[in-house]
Amino acid sequence: MQVFDASEARERRPSMALVWTALLAVWIVWGSTYLAIRVGVRTIPPLLMASARFLVAGTILYLIVRRRDPRRLSSQHWRSAFLIGGALLLGGNGLVSIAEQSVPSGIAALIIASVPLFLASGDRVFFGKRLSWVAVVGLVVGFAGVALLVGQSVGGRFDLGGMLLLIGASISWASGSLYARAAPQPDNPVLGAAMQMMAGSLILVVVAGLTGEFARLDLGGISLESFLGLVYLIVFGSWVGFVAYVWLLKHVSVSLVGTYAYVNPVVAVLLGWAILGEAVTARTLVAGGIVIIGVALIVAAREPKPLAGDPAGAKPPVRHRLSLRRSRRVHRSDRSLASR
């Protein structure tokens, strides 16, 4: 019989300083990726930039992980990687990169903050998952905030096409995350993420070719700022932020990790205003605050008690108060929004 040693458990518990360092990394790094994308797409075609980012980040991460985990990967694993990578990186990050050519980075981050709203909605519609009344209120409030944000484009303040692309990116990211929950994937989440980056980068480069981005690519015309933005996305957005995120999932509560969902847009808005001089109107602040409140309600919502006849193992709603194992599956590729 193994005797529980409280002192040993305390020794294994990470220090609060380390926890807060990792949290700040996820909050600030992922929040700042919208700024890096906005700067990068100034002189680099958006889909090619996203493809280069994930090809470099994913390939290096894959090689590192495979040295320690040489287990055979099945064709189903790669099929899932392409489906998830397509939804998250082409439909999600790719559309964000295109949209940020005409939409400020802070506004883009606020729209993408609606991803948990689409996750919860999809869980209810496609998986029949019951939502608590708090989550329902969160959906109503959050979508009202999104409508208020998009409404600014009607008066010509922001590009309507770009705003609609951001909503499409949110839906695509949520769809890929829901599919990832039950898709065959490697046990190692870092390996799975690396595979999705590699697969997604291949899809991105094909679509970039079909849309004529190679013809518009001017290597000599790439500015230093855009190049540094790309490097920042690779090193910090796809490596530092993700490693901190995975570490946090193993050592702290999922609800605490989930705070990135409503801290990231605040960071993005502040950085866009401070560095790029993006205007922040009262309407933007109100609408963004409403979206964040809606997301916070969904993240904090408790699991409703099952009704008679409800399956005990029903699919969990995607709002971060999940079992640790299922949460890792849902958010296994979550680094940007996207990314991020």
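Me: What makes L248 count as touching V19?

Reply: This is a predicted model, and in it L248 touches V19, A22, L23, V26 and V257, leaving out residues up to four places away in sequence. The word "touch" needs heavy atoms within 4.5 Å, and each of those five partners passes that test against L248.

Me: And what makes L248 stand out in the largest nonpolar core?

Reply: Its number of partners inside that core. The core holds 91 residues, and L248 is one of the four that touch the most other members, along with I111, L166 and Y245. To belong, a residue has to be buried and joined to the others through side-chain atoms within 4.5 Å.

Me: Which helix gives the core its largest share?

Reply: Helix α2, residues 16–40, with eleven residues.

Me: OK, zooming out. How do you know what kind of secondary structure the protein has?

Reply: Count the elements: there are 15 helices and zero strands.

Me: How much of the protein is buried?

Reply: Of its 340 residues, 53% are. To be in that group, a residue needs a relative accessible area under 20%.

Me: How do you know how far apart in sequence the contacting residues are?

Reply: Take contacts between residues at least 6 apart in sequence: 87% of them join residues at least 24 apart.

Me: Now α7. How do you know whether its length agrees with what its residues should span?

Reply: Compare the two figures. Helix α7 covers residues 133–150, which is 18 residues, and at 1.5 Å a residue they should span 26 Å. The C-alpha atoms at its ends are 26 Å apart, so the two agree.

Me: Which residues of α7 are buried?

Reply: A135, G138, L139, G142, G145, V146, L149 and V150. They sit on the same side of α7, because the arc they cover around the axis is only 140 degrees. As background, an α-helix has 3.6 residues a turn, so residues three or four places apart point the same way.

Me: What is on the other side of α7?

Reply: W133, V140 and A147, which are exposed. That label takes over 50% relative accessible area.

Me: What covers the buried residues of α7?

Reply: The cover includes α5 (105–112), α6 (115–127), α8 (160–182) and α14 (282–300).

Me: Let me test that residue by residue. Why does A135 count as buried or exposed?

Reply: A135 is at 1% relative accessibility, and the limit for buried is under 20%, so A135 is buried. Apart from residues up to four places away in sequence, A135 touches I298 and A301. A300 is 165 residues from A135 along the sequence, yet their C-alpha atoms are 8.2 Å apart.

Me: And what makes G138 count as buried?

Reply: Its relative accessibility is 0%, which is under the 20% limit, so G138 is buried. Its contacts beyond four places in sequence are L117, G294, L297 and I298. G138 and A120 are 18 residues apart along the chain, with 9.8 Å between their C-alpha atoms.

Me: Over to α4. Why is S97 called buried?

Reply: S97 comes out at 0% relative accessibility, and anything under 20% is called buried, so the label holds. S97 is in helix α4, residues 75–99. With neighbours within four places set aside, S97 is in contact with I37, V41, P46, M49 and A50.

Me: Why is G85 called buried?

Reply: Its relative accessible area is 0%, against a cut-off of under 20%, so G85 is buried. G85 also belongs to helix α4, and its contacts outside four places in sequence are S80, L90, Q196 and G200. G176 is 91 residues away from G85 in sequence and 7.8 Å away in space, C-alpha to C-alpha.

Me: Why is A182 called buried or exposed?

Reply: Exposed takes over 50%, and A182 has a relative accessible area of 57%, so A182 is exposed. A182 is in helix α8. Its C-alpha lies 9.9 Å from that of S80, and the two are 102 residues apart in sequence.

Me: Last topic, empty space. How many cavities of 30 Å³ or more does a search of the whole structure find?

Reply: Three. The second largest has about 60 Å³ of space. To be called a cavity, the space must be one where a 1.4 Å probe fits but cannot get out.

Me: What lines the second largest cavity?

Reply: P104, G106, I107, F158, V269, W273, E278, A279, V280 and T284. At least two residues of that lining come from α5, and at least two from α13 (260–275).

Terms used. Residues are numbered from 1 along each chain as its sequence is written. This is a predicted model: local features need pLDDT of at least 70, side-chain atom pairs count only at pLDDT 80 or more; totals for chains, interfaces and linings use all residues. Side-chain values use heavy atoms; hydrogens and water are left out. Helices (H or I, at least four residues) and strands (E, at least two) are DSSP runs, numbered from the N terminus. The expected span of a helix is 1.5 Å times one less than its number of residues. Buried means under 20% relative accessible area, exposed over 50%, partly exposed in between (1.4 Å probe, protein chains only). The arc is that of the directions from the helix axis to the C-beta atoms. On a 1 Å grid over the protein atoms alone, a cavity is a set of points where a 1.4 Å probe fits but cannot get out, and a pocket is an open set with protein on both sides within 12 Å along at least five of seven lines; lining residues have an atom within 4 Å of a point. Grid points are joined across faces, edges and corners, and a volume is the space filled by probe spheres set on the points.
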